[in-house]
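Reader: I would like to learn how to read a model of this kind step by step, beginning with the interior and moving on to the packing of its elements and a few single residues. Could you take me through it?

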Amino acid sequence: TNDQRMATLLQLRIISLAGQGRLEDARGALSRLEDEHPERLLDVLAGLGAAAEQVAFEHRRTVGQLQWELAESLNQRRDSLPPEHKLKLDESLAQSHAALGRYSQAAAVYQKLLWQRPNDRRLIEDLARLYETCGSPSCLRSALKQWQTLERLQRKGSPQWLESRYHMAWC
């Protein structure tokens, strides 16, 4: 749809500005969006984490910081959001915490989301990958549990099932 294309273009613009070290310009673009089209803000925010994976590693933290600032700003107005937007906001908060290396905060948000949607494979995988990124022995044990859960939800022998098995072995 047109709204999705606009959100993608805005994400790319913000990523580009942050990647060039133009953090204030990126913040300005987000601020204008918040003032002019607050309904699009969550769509931009939701894709910012995934888009940040495409930029150089040294700029990912900057994008994570922008994502966190924006998510925190929206979180101040949480009560006025419909339930589906609250879920998007929580996912963005988890992604931004992860991008900033705040693994325990990100895990707590993911756990809250999984409590609401216990069989959401994408959330389980995101949490498992977060624990893998953390890398400590306790995080790897937690990652293993998440991959085991995901394996049980997959069709045996499917590519997703094999990927879960690979990650279980790695953990």
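Reader: Which residues of the largest nonpolar core touch the most other members?

Author: Bear in mind throughout that this is a predicted model. A nonpolar core is a set of buried residues of the nonpolar kinds joined through side-chain atoms within 4.5 Å, so one can ask of each member how many others it touches. Here the largest nonpolar core has 22 residues, and those that touch the most other members are Ile14, Leu30, Val44, Leu45, Leu66, Leu74 and Leu89. At least two residues of this core come from each of helix 1 (2-19), helix 2 (23-36), helix 3 (38-52), helix 4 (57-75) and helix 5 (83-99). Another core lies apart from it, with 18 residues that include Ala106, Val109, Ile124 and Leu130.

Reader: If I take leucine 30 as an example, which residues is it in contact with once its neighbours within four places in sequence are left aside?

Author: With those neighbours left aside, leucine 30 is in contact with Ile14, Leu41, Val44, Leu66 and Leu70. Of these partners, Ile14, Val44 and Leu66 are themselves named, as Leu30 is, among the core residues that touch the most other members.

Reader: How many helices and strands does the protein have, and how much of the protein is buried?

Author: The protein has 9 helices and 0 strands, so that, read from the N terminus on, its elements run α-α-α-α-α-α-α-α-α. Of its 171 residues, 39% count as buried, while the protein exposes about 9600 Å², of which carbon and sulfur atoms supply 52%. Where contacts between residues at least 6 apart in sequence are considered, 52% of them join residues at least 24 apart.

Reader: How are two packed helices described, and at what angle do the axes of helix 5 and helix 6 cross?

Author: Two packed helices are described by the angle between their axes and the distance between the axes. In this structure the axes of helix 5 and helix 6 (residues 103-116) come within 7 Å and cross at roughly 155°. Because angles over 145 degrees count as roughly antiparallel, helix 5 is roughly antiparallel to helix 6. Their crossing is left-handed. On the side of helix 5, Leu87, Asp90, Glu91, Ala94, Gln95, His97 and Ala98 take part, and they meet Tyr103, Gln105, Ala106, Val109, Tyr110, Lys112, Leu113 and Gln116 in helix 6.

Reader: What angle is found where helix 6 and helix 7 pack?

Author: Helix 6 packs with helix 7 (residues 121-134) at about 160°, and their axes are 10 Å apart. This angle makes helix 6 roughly antiparallel to helix 7, and helix 6 passes helix 7 in a left-handed crossing. Helix 6 contributes Tyr103, Ala106, Ala107, Tyr110, Gln111, Leu113 and Leu114 to the contact, and helix 7 contributes Leu123, Ile124, Asp126, Leu127, Leu130, Tyr131, Thr133 and Cys134.

Reader: Does leucine 113 count as buried or exposed, and what is it in contact with?

Author: Burial is judged from relative accessible area, with values under 20% counted as buried. Leucine 113, found in helix 6, has 0% relative accessibility and therefore counts as buried. Beyond its neighbours within four places in sequence, leucine 113 is in contact with Leu87, Asp90, Glu91 and Leu123. Leucine 113 and leucine 87 are 26 residues apart in sequence, yet their C-alpha atoms are 7.4 Å apart in space.

Reader: Is glutamate 91, a partner of leucine 113, buried or exposed?

Author: Glutamate 91 has its place in helix 5 and counts as buried, because its relative accessibility is 13%. Not counting residues up to four places away in sequence, glutamate 91 touches Leu113, Arg117, Arg122 and Leu123.

Reader: Where is glutamine 154 found, and is it buried or exposed?

Author: Glutamine 154 is in the loop between helix 8 (137-153) and helix 9 (159-170), and at 14% relative accessibility it counts as buried. Its contacts, with neighbours within four places in sequence left aside, are Arg121, Gln160, Trp161 and Ser164.

Reader: In helix 1, is leucine 9 buried or exposed?

Author: Leucine 9, in helix 1, is exposed, because its relative accessible area is 54% and the cut-off for exposed is over 50%. Leucine 9 and valine 44 are 35 residues apart in sequence and 8.8 Å apart in space, C-alpha to C-alpha. Arginine 13 also has its place in helix 1, but with a relative accessible area of 42% arginine 13 is partly exposed. Not counting residues up to four places away in sequence, arginine 13 touches Ala29 and Arg32.

Terms used. Residues are numbered from 1 along each chain as its sequence is written. This is a predicted model: local features need pLDDT of at least 70, side-chain atom pairs count only at pLDDT 80 or more; totals for chains, interfaces and linings use all residues. Side-chain values use heavy atoms; hydrogens and water are left out. Buried means under 20% relative accessible area, exposed over 50%, partly exposed in between (1.4 Å probe, protein chains only). Helices (H or I, at least four residues) and strands (E, at least two) are DSSP runs, numbered from the N terminus. Contact means heavy atoms within 4.5 Å. Accessible areas come from the Shrake-Rupley method with a 1.4 Å probe; for residues, only the protein chains shown count as cover. Axes are lines fitted to C-alpha atoms, for helices over the stretch in contact, and angles run from 0 to 180 degrees between N-to-C directions. Angles under 35 degrees count as roughly parallel, over 145 as roughly antiparallel, 65 to 115 as roughly perpendicular and the rest as oblique. A crossing is left-handed if the near helix is turned anticlockwise from the far one by less than a right angle, and right-handed if clockwise.
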